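Good morning, everyone, and thank you for making the time. I would like to walk you through one structure today, beginning with its sheets and ending with a few individual residues.

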Amino acid sequence: MSLIPWRNKSKEPVRADVSPLAALRAEIDRLFEAVTGDAFGALDWAVSGNRGWLPPVDIAESEDEFTVRAEIPGIDPKDLQVNISGNQLVLAGEKKESSESKAKDFYQTESRYGAFRRSIALPDSVDQEKVEAEYVNGVLTIRLKKLQSAPPKKVEIKVK
């Protein structure tokens with residue numbers, strides 16, 4: 001019995017000598033990837049269909065706060081918006097193409113331009129009045145302080 005890998009990253013067609021079950025699995029994996037794209041791959045900029053692009057985001061938690069870091073190089077901070085709507089942190093902005101050159105022929109272009117909008121669900125423990133945002137060297141860092149809550153109380157269990 002041979003092992004079947006969970007995900008075959010090769011783009012080669014399935015060989016005829018492979019078991020029918022392995023061929024079916026490979027075809028399902030291929031169709032799933034065609035629909036979702038390489039969502040778990042190493043893309044620098046996630047493309048969001050016709051809606052533009054989405055910057056990569058890191059979210060971390062410490063004892064006192066949540067930190068959201070978004071890599072958004074090449075954007076003027078005046079073109080960025082950070083809003084909190086309900087329990088959603090909304091990052092929006094537009095990366096404008098620096099120069100338009102009609103004389104150049106591009107063989108490959110990986111730079112993304114256009115508007116983006118990214119929503120991040122926030123836990124109830126965020127103090128919406130204590131939010132700070134800063135933009136340094138193309139990285140937007142948002143610090144969301146946690147609400148001060150009473151420390152957990154240990155309840156003693158009585159044995160009868």
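Before I describe any sheet, let me say how pairing is meant here: two strands pair if DSSP finds at least two bridges between them. Please also keep in mind throughout that this is a predicted model.

With that in place, let us take the sheet with the order β5-β6-β7, which is open, has 3 strands and shows antiparallel pairing. Its edge strands are β5, covering 80-85, and β7, covering 114-121, and each of these pairs on one side only. If we ignore direction, neighbouring strands of this sheet are turned by 15° against each other on average. Looking at one pairing in detail, strand β6, residues 88-95, runs antiparallel to β7 and is joined to it by 8 bridges, and, as a point to find on your screens, G93 stands opposite F116 in β7. As a general reminder, strands of a sheet pair through backbone hydrogen bonds, in either a parallel or an antiparallel manner.

The other sheet I want to show is also open, and here 4 strands follow the order β3-β4-β9-β8, again with antiparallel pairing. The edges are formed by β3, at 57-61, and β8, at 126-136, each of which pairs on one side only. For this sheet, too, the average turn between neighbouring strands, direction ignored, is 15°.

Let me stay with β3 for a moment. How many residues does the hairpin from β3 to β4 pass through? The hairpin joins these strands through 3 residues, and the antiparallel pairing between β3 and strand β4, residues 65-71, consists of 5 bridges. Along that pairing, D58 stands opposite R69 in β4, while A60 has T67 of β4 as its bridge partner.

Stepping back to the whole protein, we have 1 helix and 9 strands, and, read from the N terminus, the elements run α-β-β-β-β-β-β-β-β-β. Of the 160 residues, 21% are buried, and the accessible surface comes to about 13,200 Å², with 52% of it belonging to carbon and sulfur atoms. As for the contacts with a separation of 6 or more, 52% of them are between residues 24 or more positions apart.

Now to the surface, where L21, L24 and I28 make a nonpolar patch of about 310 Å². I28 has its place in helix α1, residues 20-36. Is I28 buried, partly exposed or exposed? I28 counts as partly exposed because its relative accessibility is 48%, and the range for that class lies between 20% and 50%.

My last residue is S125, which is located in the loop between β7 and β8, and which, at 30% relative accessibility, likewise counts as partly exposed. Which residues does S125 contact, once its neighbours within four places in sequence are left aside? They are F66, K145, K146 and L147. I would add that S125 and S149, although 24 residues apart in sequence, are 8.6 Å apart in space, taken from C-alpha to C-alpha.

That is where I will stop, and I am glad to go back to any of these views.

Methods. Residues are numbered from 1 along each chain as its sequence is written. This is a predicted model: local features need pLDDT of at least 70, side-chain atom pairs count only at pLDDT 80 or more; totals for chains, interfaces and linings use all residues. Side-chain values use heavy atoms; hydrogens and water are left out. Helices (H or I, at least four residues) and strands (E, at least two) are DSSP runs, numbered from the N terminus. Axes are lines fitted to C-alpha atoms, for helices over the stretch in contact, and angles run from 0 to 180 degrees between N-to-C directions. Buried means under 20% relative accessible area, exposed over 50%, partly exposed in between (1.4 Å probe, protein chains only). Contact means heavy atoms within 4.5 Å. Accessible areas come from the Shrake-Rupley method with a 1.4 Å probe; for residues, only the protein chains shown count as cover. Patches are made of residues with over 30% relative accessible area and no salt bridge: like charges are joined within 9 Å, nonpolar side chains (Val, Leu, Ile, Met, Phe, Trp, Tyr) within 5 Å. A salt bridge is a side-chain nitrogen of Lys or Arg within 4 Å of a carboxyl oxygen of Asp or Glu.
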